[in-house]
4 protein chains.
Amino acid sequence: MNPTELLASRESPVQEKYEAVRRATQQICEPLSAEDCVIQSMPDVSPTRWHLAHTTWFFETFLLAEQPGYEAFDPSYEYLFNSYYNAVGKPFPRSRRGLLSRPGLAEIWEYRQYVDQKVAALLADRSSDREVQRIVELGLQHEQQHQELILTDIKHVLSCHPGFPCYRAAGALPAKQTVETSWLDFEEDLSWIGHEGDHFAFDNEKPRHRVFVEAFQLASHPVTNGAYREFIEDGGYQRPELWLSLGWQTICDHHWQAPLYWLRRDDRWQQFTLAGLSELRDEQPVCHVSYFEADAYARWAGARLPTEAEWEIAAADRSVEGNFWETLVSQDAALHPGGSAAGNLSLHRLFGDVWEWTASPYTPYPGYQPPQGALGEYNGKFMCNQYVLRGGSCATSQTHIRPTYRNFFPPEARWQFSGFRLAR
Amino acid sequence: MNPTELLASRESPVQEKYEAVRRATQQICEPLSAEDCVIQSMPDVSPTRWHLAHTTWFFETFLLAEQPGYEAFDPSYEYLFNSYYNAVGKPFPRSRRGLLSRPGLAEIWEYRQYVDQKVAALLADRSSDREVQRIVELGLQHEQQHQELILTDIKHVLSCHPGFPCYRAAGALPAKQTVETSWLDFEEDLSWIGHEGDHFAFDNEKPRHRVFVEAFQLASHPVTNGAYREFIEDGGYQRPELWLSLGWQTICDHHWQAPLYWLRRDDRWQQFTLAGLSELRDEQPVCHVSYFEADAYARWAGARLPTEAEWEIAAADRSVEGNFWETLVSQDAALHPGGSAAGNLSLHRLFGDVWEWTASPYTPYPGYQPPQGALGEYNGKFMCNQYVLRGGSCATSQTHIRPTYRNFFPPEARWQFSGFRLAR
Amino acid sequence: MNPTELLASRESPVQEKYEAVRRATQQICEPLSAEDCVIQSMPDVSPTRWHLAHTTWFFETFLLAEQPGYEAFDPSYEYLFNSYYNAVGKPFPRSRRGLLSRPGLAEIWEYRQYVDQKVAALLADRSSDREVQRIVELGLQHEQQHQELILTDIKHVLSCHPGFPCYRAAGALPAKQTVETSWLDFEEDLSWIGHEGDHFAFDNEKPRHRVFVEAFQLASHPVTNGAYREFIEDGGYQRPELWLSLGWQTICDHHWQAPLYWLRRDDRWQQFTLAGLSELRDEQPVCHVSYFEADAYARWAGARLPTEAEWEIAAADRSVEGNFWETLVSQDAALHPGGSAAGNLSLHRLFGDVWEWTASPYTPYPGYQPPQGALGEYNGKFMCNQYVLRGGSCATSQTHIRPTYRNFFPPEARWQFSGFRLAR
Amino acid sequence: MNPTELLASRESPVQEKYEAVRRATQQICEPLSAEDCVIQSMPDVSPTRWHLAHTTWFFETFLLAEQPGYEAFDPSYEYLFNSYYNAVGKPFPRSRRGLLSRPGLAEIWEYRQYVDQKVAALLADRSSDREVQRIVELGLQHEQQHQELILTDIKHVLSCHPGFPCYRAAGALPAKQTVETSWLDFEEDLSWIGHEGDHFAFDNEKPRHRVFVEAFQLASHPVTNGAYREFIEDGGYQRPELWLSLGWQTICDHHWQAPLYWLRRDDRWQQFTLAGLSELRDEQPVCHVSYFEADAYARWAGARLPTEAEWEIAAADRSVEGNFWETLVSQDAALHPGGSAAGNLSLHRLFGDVWEWTASPYTPYPGYQPPQGALGEYNGKFMCNQYVLRGGSCATSQTHIRPTYRNFFPPEARWQFSGFRLAR
């Protein structure tokens, strides 16, 4: 079994899953220097070093600290590497993570080893304990989320350097493709959405419940760079009537004229990718746009964004296939959305490539209950002024995504691999 | 017919409605000095003077300017008193309205007279023209919204003065009452919500559509000051686990420890009202709370806020009765929520007294279409990072409210008469 | 005796001086509406209303409050109209003066009358009391400073209105003149500067002391608009090498490209004056420039600004003649610097027209002692990060200025009538 | 000859001086990890990495780039490591130095080696060329300034970590001493100050010129921690009458209650030093105070700060002895001001230990001329809103200081080793 199969399989032993996920984190960090791992380029970004320690802290705090006789690797880490769990204690302020001179990267790798050994010992003993399994599973899902953040955060860090350094050189791009978007029809229905069953899902995907959805159409492909360029060239960023009021204010305040990481040089569009600057490819899905830009584009195009219920209804029966980070980290990858256009019963790139903004504010499902205790802070307290994204991106692990998976970001966020698909 | 009956009646001639609404605006401003009408105490607040001119500008721009031969009272007003209609032209910046030395208050009253005469002449001629009726009706509804804002804005202005001056002295308070909250049951159902029919409603109340709502309970009364004090005394503002993450950040940043306008003096709670400082009355509905506070209280109480669909289902068949500004402006009113507890088939204070925060982000209804042209900017472009409030307040005209009416404010807003009711 | 002679004469009875100064304040406010008097257009600006009350508060606090049996007009004014005297009590925050809805303008005029009557009664009784004389004199000098601020502040308020309203219509401009600047020579010397004698001077002009000054030359005229235009046209605002580091940062941050109140319209320069927009006159002294701009111009011109010692040495023996507010308020005045070019032994416009920035940071003279008590806060505590200006402006009373007079503002301040003269 | 003698001697060959200074920079960085060298903890602070590159850039830009055939180590460094020399080109923004992921520390050491070799080759050839000597000398003085900044900046970086890590462990503290301050008398005189002669001095120390100074007294010692504690305990930070207006605003805005790096723990004062937290020693000179605090203390003590002329007159004939970084970097040093109390004809600690704030704003001396070209930006453009400090600190090289030496910082700066001495 390769790691992807291993993680995807619900039968895999939890120990092997643990090792596979933790090893993947290491693999992601290989191209980075100690200096790269220190920098916090904006408050939303965390230093790589911090991600490495925080994901480890998660296992230490929620799994090991409960065990009799467990001795912390360093008691000060409880404070330093807590992200936002107030029930654990007051966390070190997020915006100051880039000011932490210590511990150094080497010491953080030691910390990871220390915790890995303790987890291995625990699992050797109690791998069939359901509560242990539950926390390890949650910790691994959590670490997978941070794997994606390591990539999006370091991309932002590198983009602040006027020389646009690479994370890693890219492999060859796929041959150019022509994208022809068509519309798929869905009937009005009282449908069930949300997660049910005993395999892993986050609390915010539950409970499964009914929603009434009127008939709608969904585009076969996400919006492409080429289509988005037409919007720009049609004065999209200069026409207030296309924008939400808050969106217009945002693009004016920040002087946005194109997606994040797009650069106009010598009358041509370039984009900054994890492999450095490259020419913009028209057929690729547009990426690094905010909700505001997705919404304005849709209005310009005479369409709208799908709700998350519509998206999930369309995705419900399809298998999770697409361009995920398993591709991205392989030697010949483009390190960017837009590998070969994965299709799935005529809905293309539904999973992977780019997260798709939906029209749905991130709210609790009817009857939603966060877990008791500190882990109840994982999702619920963020249900305000954010929008749901669906489907995963080229920086998400394929083993991490489900049709019911709900990601969420504020409408102005652009540093994730975020794109969108139209509905009407 | 008294003005309330006049406005409520769908048969009233549009001329009489116009005069009644415009006169009501004057009545609201009577207690204010020229100096009061200049001040903008925060960016969300507009000077009274500006409200008086802007509501007049609305009729001038959308009704009169179209008429052949119409001569503007002052061409510079198009720019000065446009609020946010980009289709009309770039508006004068909102945050600088308090810096406008001219026109003076007297000149603005002249402006109102000028426009009133022109509108009267137009209506004498064309009062049966459906498009004219539509725009006059919209302008009057618009003016009623600004009547409420004049009151909430001047309250904020006056509150900035360390001597807490009155807008007007209050009449006698009603006798103390005991509030006993009970729960009302509603069955799961696929229900219709939203506006239908040919009497006036805003675009955001349409189209009428189906929603599936599971069984729920709704509290018989809004949460009272007394109940809210218990939350405070139980450390509500010191316990992060009760708050949305953004809410916790907000109360920390602003050092909020109680609702807006509550003051702790000599170990007793007072509140600033339009009639100056007064003792807090436990049985009154709590008021001037943000969505964050409403949400935290609900969590503390083991309940939640209702969705707007739940609220509307409960309100659908009830008549619009309660403490509205028609009471507030009368000589013996308390100028504050909490007159006699209007009940309506065992749901008390559902209309009037305080706007009720719902758990629903302000989003377009399925199939929502804003009108063409500048008036399309009225509602649609604000559908982001705001929450829906229902039911009207003591500063809303009774003739302005419907069960389908959707008001909306950002979750941190507190200067409206905003309270809440629990669901579960 | 006209008021100017009256005030200038050291023999005038203090009662008459008091009345003359207080009346002058009224005269300055005549063109202003109640609304004009409310607005605070930036933190440095105070509403006219506030100036009227604060100057009155000064007499009440430092003169009347000490008298047995004095009853305050309104006890809350002690807090509201204290500017910065911590020894009197915590003052109402400066930046919030524009939020004070009460007292209204009419009430403030009553307050002035009340205090005027009390002061008159006191003076009738004790006008020969030296301490009383000292405080009245200080209060009048203080009021004269605020008379100038009323004019410069209301100019700023009016400038925020896109229609550029007038304070008052101007009289005819003087005929165009040609300005030919020459250099006057001064020998190196150990000179005395600072105030001595028993007529009034502020504490910061004392003690008289020796300074060694090397030989220098001083320009016969302040720099003119025409000369300053050449600096602009030579790229002055685009060449960092001409600027202090802090100056460069300031002009970049604020996008300054010309003096305050200059507007480029249809390829011509206009300036906003108290009489509205007018064409820029090349021969007038340049005005509303910051220290940074004065300093950069001097560097561009191969010269420098004079120190305050140099300025005072040059001014020491000359009589105080020039264009002061006594001219400005007369019916045929231009309401702007640059009436007929007052000369005084070949140094022109040394007094009046524009305050002249010097190269001297505002520091205490050797042996400086602020007075005991609250009045010690008048000057001393501002001796940091400010520069000295000399000579008075067209908005200063002629009776207020002496060769030893030290005005001071931060280097970025531009809303005073501030210009400069070169030295080398 | 040891390095100190070598550098101090005007006869030393310039090659040897070059090597000694560059080696000293390396020595200072030895205790630091690659991670430490990345962090910029506030805009005033630069990452160590940046200091290492910038000092090298200085030689490359002003010495090597002029040489025919010189090939830059990396052409992008011209932009990245320019501090503020606009004449060289637009510099990379200061506040973003901590966002530069590349070059890594190892590459910067290579850069230093590369430049060192080129300089050595140049000096082998042209060491007697006066212009070459002049620039090398300036570059070395510049590097010595950055050596001090590396220490003060990394101290600030480390202080941001809640665990207060050490730069390096300290040696034993000297035995406690009793400090008895007395006053030294100086007569009134017309004195010469400023630099003259052909050994090195910065442009801002010239020209030598006359100043008239009245009789004054100077304290024998800088103010100590013990004396400063009395000020704090007497409510110094709560009494506005002791403070400059800007100072009071600063301490209120930042909630300052003690010098930077002082911590109150368990009712005892501790201080953060380069060797971590330690008990406050009463007899040490107070350190890390702003000008505002020095000025307020002096007012409280009934004294004042000396002017820079007074300081220089007192220091003129004394030899430069004291606790400098030559002590600080030695193995048994305290890494903090207050080694054995160096005295020099009864003025103690005049040189070394702490920079002493003077009452003098940083202004050009009469007749001051900055050099032509980019090097003219070294000092002159900062002569605004800063105060002069004199005498060097424990982080300054002994070979860097002269009695005429003028250091300067804004009045709110505290992260240098800044203290003060009283005058009257």
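# A guided tour of a predicted four-chain model

Begin by selecting helix 9 of chain D, whose buried residues pack against helix 7 (225-233), helix 8 (245-254), strand 12 (355-361) and strand 13 (387-390) of chain D. The model on the screen is a predicted one. Helix 9 covers residues 291-300, and eight of its ten residues are buried, so the rest of the structure largely encloses this helix. To see the buried positions, colour Y291(D), F292(D), E293(D) and A294(D), followed by D295(D), A296(D), Y297(D) and A298(D). A rule for reading any such helix may help here: an α-helix has 3.6 residues a turn, so residues three or four places apart point the same way. Just beyond the end of helix 9 of chain D, select G302(D), where phi is positive at about 70 degrees.

**Aromatic pairs**

Remain in chain D and display the side chains of W311(D) and F351(D). How buried is each of them? W311(D) counts as buried because its relative accessibility is 0%, and F351(D) counts as buried because its relative accessibility is 1%.

Move next to chain A and select F62(A) and Y85(A). Across all chains the structure holds 165 aromatic pairs. F62(A) and Y85(A) form one of them, an edge-to-face pair with 5.4 Å from centre to centre and 70 degrees between the planes. F62(A) belongs to helix 3 (residues 48-64) of chain A, while Y85(A) sits in the loop between helix 4 (77-80) and helix 5 (105-126) of chain A, so the pair ties together parts that are 23 residues apart in sequence. Both F62(A) and Y85(A) are buried.

Now return to W311(D) and F351(D) and view the two rings together. Their centres are 5.8 Å apart and their planes stand at 90 degrees, so this pair is edge-to-face. W311(D) is part of helix 10 (residues 308-315) of chain D and F351(D) is part of strand 11 (residues 351-352) of chain D, so the pair ties together parts that are 40 residues apart in sequence.

**Arginines over rings**

Select W50(D) together with R97(D): R97(D) lies over the face of W50(D), at 3.5 Å from the ring centre. Then turn to chain C, where R406(C) lies over the face of Y365(C), at 3.9 Å from the ring centre.

**Two sheets in chain B**

Select strands 5, 6 and 7 of chain B, which form an open sheet in the order 5-6-7 with antiparallel pairing. Strand 5 and strand 7 (276-279) of chain B are the edge strands, each pairing on one side only. From one strand to the next, the twist averages 35 degrees. Helix 7 (residues 225-233) of chain B packs on this sheet and touches strand 5 and strand 6 of chain B; the direction of the helix makes about 65 degrees with that of strand 5 of chain B.

Zoom in on strand 5 (residues 262-265) and strand 6 (residues 268-273) of chain B, which are antiparallel and joined by four bridges. Which residue of strand 6 of chain B is the bridge partner of W262(B)? The partner is Q271(B). Strands 5 and 6 of chain B make a hairpin with two residues between the strands, and D266(B) there takes a positive phi near 50 degrees. On the other side of the hairpin pairing, follow strand 6 of chain B to strand 7 of chain B, which it meets in the antiparallel sense over four bridges. Q270(B) has E279(B), in strand 7 of chain B, as its bridge partner.

For another sheet, select strands 1, 4 and 16 of chain B, an open, antiparallel arrangement in the order 1-4-16. Its edge strands are strand 1 (183-186) and strand 16 (421-423) of chain B. The twist averages 25 degrees from one strand to the next. Two bridges join strand 4 (residues 216-222) of chain B to strand 16 of chain B, and L218(B) is bridged to A423(B) in strand 16.

**Between the chains**

Show chains D and A together: their contact takes 27 residues from each chain. About 2,100 Å² is buried between them, with carbon and sulfur atoms giving 61%. Highlight E35(D), L99(D) and R102(D), which supply 29% of the area that chain D buries against chain A, more than any other three residues.

Next, show chains A and B, where 24 residues of chain A are in contact with 24 residues of chain B. In chain A, R210(A), F212(A) and N385(A) lose the most area to chain B.

Finally, show chains A and C: no contact joins them, and their closest C-alpha atoms lie 15 Å apart.

Conventions
Residues numbered from 1 in each chain as written. Chains lettered and ligands numbered in written order. Predicted model: local features only at pLDDT ≥ 70, side-chain atom pairs only at ≥ 80, totals over all residues. Heavy atoms only, no water. Pairing = 2+ DSSP bridges. Axes fitted to C-alpha atoms, helices over the stretch in contact; angles between N-to-C directions. Phe/Tyr/Trp six-rings, centres within 6.5 Å; stacked < 30°, edge-to-face > 60°. Buried < 20%, exposed > 50% of the residue type's maximum accessible area, 1.4 Å probe, protein only. Lys NZ or Arg CZ within 6 Å of the ring centre and 35° of its normal. Contact = heavy atoms within 4.5 Å. Buried area = accessible area lost by both parts, 1.4 Å probe.
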